[in-house]
Amino acid sequence: MSLLTDPRTDPRLADALARLGLGDNAGPAPLGPGAPREQLLEFVAAAEAGNEALFAALVDGLEPIAGLDHSTETISGPAGNDIQLYVTRPADASGPLPGILYLHGGGMVMLKGSGPIYARFHDELAVTGLVVIGVEFRNGGGVLGPHPFPAGLDDCATALDWVHEHRAALGISTLTVAGESGGGNLALATALRAKREGRLAAVDGVYALVPSISGLYGAGAEEREAALPSLVENDGYFMACDAAAILAEVYDPGAEHATDPLCWPYHATTEDLSGLPPHALSVNELDPLRDEGLAYHRRLAEAGVKATVRTVAGTCHAGDLMFRTATADMYDAAVDSVHRFAASL
């Protein structure tokens, strides 16, 4: 089946995908993760350009959200690099508000936090009464690359420390580290690293949407199905494992960190997870990555961490976040879920 023929697909999503020519299953990747690195980086650059164009089209024509203040802070990264922080807050805020350190998606190897779909999501979150800080971290490839693991995580950790130190100036009462897809990976890894380094006081909560955290995408079908059935069940639905395997290789060359939870949080142990602050996760029913998010939630619960999870029915990977117009209720529910979690801390 495809997303257009699978009876589980929300009809509104199917219509939107069909209009965009995205309803058919993703075709095979033109190369494998064992290809020369130069070719892998070219693949990522092309994927980045295509995704940025798609995301721009998805928010084109939306009315701007009024009543918000925007500013940019530039801080020094661990390699002497500049890190831009995009701060969005309600213009009429009179007291401290819950804060969101938001990490964008893109498999840790592409896209920008300043991109149109993320700028819109920052605004949608902020207008609910949050201070949102988007992080422009280094990517494994693309325009902001090539900087493989742990460069992006280093930047996220640096941003976390800076925001924590400047809570009063930013008007933040609590701080939630959040992100989707590759940003979900980085959100979970940022919390794990903060615990490992004795900096966990900076993190009040973590919200990971559709996190890409297993790194198992290049394994054989039997191995993938045994570990995480959705990697086979939903393979090719909007995204495919063979393409994800290329992104994983660009982020973690040679799979040197294949079981390091800071690179791939799916491999975190009970000891790694115990003592972490509250977590929330969100997954999509028809996403190849669905089961790794569900597995992480179970492991958090086993480790005694307060954790919740939501599954958005009838949607592909991040479908509820991308298709703002076609499935407005799903998008609003995602925004509300993040807001309610941050406000509850």
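How far apart should the ends of helix 13, with its 17 residues, be at 1.5 Å a residue, and how far apart are its end C-alpha atoms? I would like to begin there, bearing in mind throughout that we are looking at a predicted model. Helix 13 covers residues 328-344, for which the expected span is 24 Å, and the end C-alpha atoms are in fact 24 Å apart, so the two values agree.

Staying with helix 13, the buried residues are Met 330, Tyr 331, Ala 334, Val 335, Ser 337, Val 338, His 339, Phe 341 and Ala 342. It may help to recall that an α-helix has 3.6 residues a turn, so residues three or four places apart point the same way. Let me pick out Val 335, which belongs to helix 13 and counts as buried because its relative accessible area is 5%, under the 20% cut-off. Leaving aside residues up to four places away in sequence, Val 335 touches Phe 121, Glu 124, Leu 125 and Thr 128.

That brings me to helix 3, residues 116-126, which packs with helix 2, residues 37-59, at an angle of about 45°, the axes being 8 Å apart. With that angle, helix 2 is described as oblique to helix 3. On the side of helix 2 the contact is made by Glu 52, Phe 55, Ala 56, Leu 58 and Val 59, while helix 3 contributes Pro 116, Ile 117 and Arg 120. Sorted by character, the residues of this contact are six nonpolar and two charged, with no polar ones.

Next, helix 11, residues 290-302, has 13 residues and reaches 19 Å from its first C-alpha to its last, which is close to the 18 Å expected at 1.5 Å a residue. Its buried residues are Arg 290, Asp 291, Glu 292, Gly 293, Ala 295, Tyr 296, His 297 and Leu 300, and they pack against several elements, among them helix 6, strand 7 and strand 8. After helix 11 comes Gly 304, with a positive phi near 85°.

Strand 7 is also where we find His 279, a residue that is buried, with a relative accessible area of 1%. A polar atom of the His 279 side chain lies 2.8 Å from the backbone oxygen of Pro 277. Among the residues that His 279 touches, beyond those up to four places away in sequence, are Tyr 296 and Leu 300, and also Phe 341; Tyr 296 and Leu 300 appeared among the buried residues of helix 11, and Phe 341 among those of helix 13.

A second buried residue with a side-chain contact to backbone is Arg 224, in helix 7, which has 10% relative accessibility and therefore counts as buried. The Arg 224 side chain reaches the backbone oxygen of Ala 219 at 2.8 Å.

Finally, some backbone details deserve a careful look. In the loop between strand 4 and helix 4, where Pro 146 and Pro 150 both lie, the peptide bond from Gly 145 to Pro 146 is cis, with omega near -5°, and the bond joining Phe 149 and Pro 150 is cis as well, with omega about 10°. Met 108, in the loop between strand 3 and helix 3, is not a glycine and yet has a positive phi of about 70°; at 4% relative accessibility Met 108 counts as buried. Phe 238, in the loop between helix 8 and helix 9, has a positive phi near 70°, but Phe 238 is partly exposed, with a relative accessible area of 22%.

How values were computed
Residues numbered from 1 in each chain as written. Predicted model: local features only at pLDDT ≥ 70, side-chain atom pairs only at ≥ 80, totals over all residues. Heavy atoms only, no water. Axes fitted to C-alpha atoms, helices over the stretch in contact; angles between N-to-C directions. Helix = DSSP H or I, 4+ residues; strand = E, 2+ residues; numbered from the N terminus. Parallel < 35°, antiparallel > 145°, perpendicular 65-115°, else oblique. Contact = heavy atoms within 4.5 Å. Nonpolar A, V, L, I, M, F, W, Y, C, P; charged D, E, K, R; others polar. Expected span 1.5 Å × (residues − 1). Buried < 20%, exposed > 50% of the residue type's maximum accessible area, 1.4 Å probe, protein only. Polar contact = N/O pair within 3.5 Å; in protein donor to acceptor, adjacent residues only side chain to side chain.
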